[in-house]
Amino acid sequence: MPHMTPLLIIDDDAELCTLLSEFLAREGFGVVVEHDGARGLELALNGNFALIVLDLMLPSLDGFALLKQLRTSSRVPVLMLTARGEDVDRIVGLELGADDYLAKPFNPRELAARIQAVLRRSTATTRDAAQPGPRQINLGDVELDEGARTVRRQNQEVELTSVEFDLLAFFMKNPVKVLERDEIVKQILGRESAPDDRSIDVHISNLRKKLGRAADGSDRIRAIRGIGYIFVIPVKSKSR
């Protein structure tokens, strides 16, 4: 029997879970389903899942609380399910450490594609982190260590989610270069950009807040309207 990638779906919609389990099984996934938030958290912490599909509206423990507790001890990828149009929910979920989101209702094929994209990025991140040798990038007052996956600003550690770290590494490897938004989505989220998908913009917004402004008061990451973003290195002022 071929290896089945283990997934955990935490959603209280039993009919939807049955549909997704049958579809994802045909796509090569071994699916475990839990409808209760508290029990879902226990499974997520104690199981060996490649990814968790997490709904926000759950009995006993909502998705936000579950994700917050999960992230205290686990970096397992999480794909969050949200109600269509609930932008605030998406922002909060991504801030708490979700890797991506998908709005309900959705096509199961789109869910499978999103799962595969998150898993590809997660696998690449793990492989890169395991490579030997120092791989540090220092730009201005920001220091990024790819091996340890740590970031320091002005010698103070900055806590970043997995996606935020990968974003910063991508920016710091391409400083003062305008990066097209579609390219960023493809490189970081591992999928094609969709017109109504703002997840990468939320991740970048969160990253900007955590990094703060540069010493000269300028933005470290600037948006280029209609194109994408640029990581700016502040120019040190010359002493008189």
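Helix α8 (residues 199–211) lies across strands β11 and β12, running at about 145° to β11, in what is a predicted model. The sheet to which these strands belong is an open one of 3 strands in the order β10-β12-β11, with antiparallel pairing. Helix α6 also lies across this sheet, where it is placed over β10, β11 and β12 and runs at about 70° to β12, and α6 lies across β6, β7 and β8 as well, running at about 115° to β7.

**The three-stranded sheet**

- The edges of the sheet are taken by β10 (179–180) and β11 (221–224), each of which has a single partner strand, so one side of each is left without a neighbour in the sheet.
- Strand β12 (residues 228–231) is joined to β10 by 2 bridges, and these two strands run antiparallel.
- Within this pairing, L179 has Y229 of β12 as its bridge partner.

**The four-stranded sheet**

- A further open sheet is formed by 4 strands in the order β6-β7-β8-β9, and here too the pairing is antiparallel.
- Its edge strands are β6 (136–139) and β9 (156–157), each of which pairs on one side only.
- Strand β7 (residues 142–145) is connected to β8 by 4 bridges, the two strands running antiparallel, and D145 stands opposite T150 in β8.

**The largest pocket**

- The largest pocket has a volume of about 480 Å³, and of the 22 residues that line it, R75, R149, L160, T161 and S162 are the closest to its centre.
- At least two residues of the lining come from each of α5 (108–130), β8 (150–153) and α6 (162–173), with α5 giving the most, namely 4 residues.
- By residue class, the lining of the largest pocket divides into 7 nonpolar, 7 polar and 8 charged residues.
- Helix α6 therefore has two roles in this description, since it supplies residues to the lining of the largest pocket and lies across β6, β7 and β8.

**Residue L43 and its surroundings**

- L43 is located in helix α2 (residues 37–46), and its relative accessibility of 31% falls between the 20% limit for buried and the 50% limit for exposed, which is why L43 counts as partly exposed.
- Leaving aside residues up to four places away in sequence, L43 touches L8, V32, E34 and F49.
- The C-alpha atoms of L43 and T82 are separated by 21 Å, the two residues being 39 apart along the chain.

Methods: Residues are numbered from 1 along each chain as its sequence is written. This is a predicted model: local features need pLDDT of at least 70, side-chain atom pairs count only at pLDDT 80 or more; totals for chains, interfaces and linings use all residues. Side-chain values use heavy atoms; hydrogens and water are left out. On a 1 Å grid over the protein atoms alone, a cavity is a set of points where a 1.4 Å probe fits but cannot get out, and a pocket is an open set with protein on both sides within 12 Å along at least five of seven lines; lining residues have an atom within 4 Å of a point. Grid points are joined across faces, edges and corners, and a volume is the space filled by probe spheres set on the points. Ala, Val, Leu, Ile, Met, Phe, Trp, Tyr, Cys and Pro count as nonpolar, Asp, Glu, Lys and Arg as charged, and the others, Gly among them, as polar. Two strands pair if DSSP finds at least two bridges between them. Contact means heavy atoms within 4.5 Å. Axes are lines fitted to C-alpha atoms, for helices over the stretch in contact, and angles run from 0 to 180 degrees between N-to-C directions. Buried means under 20% relative accessible area, exposed over 50%, partly exposed in between (1.4 Å probe, protein chains only).
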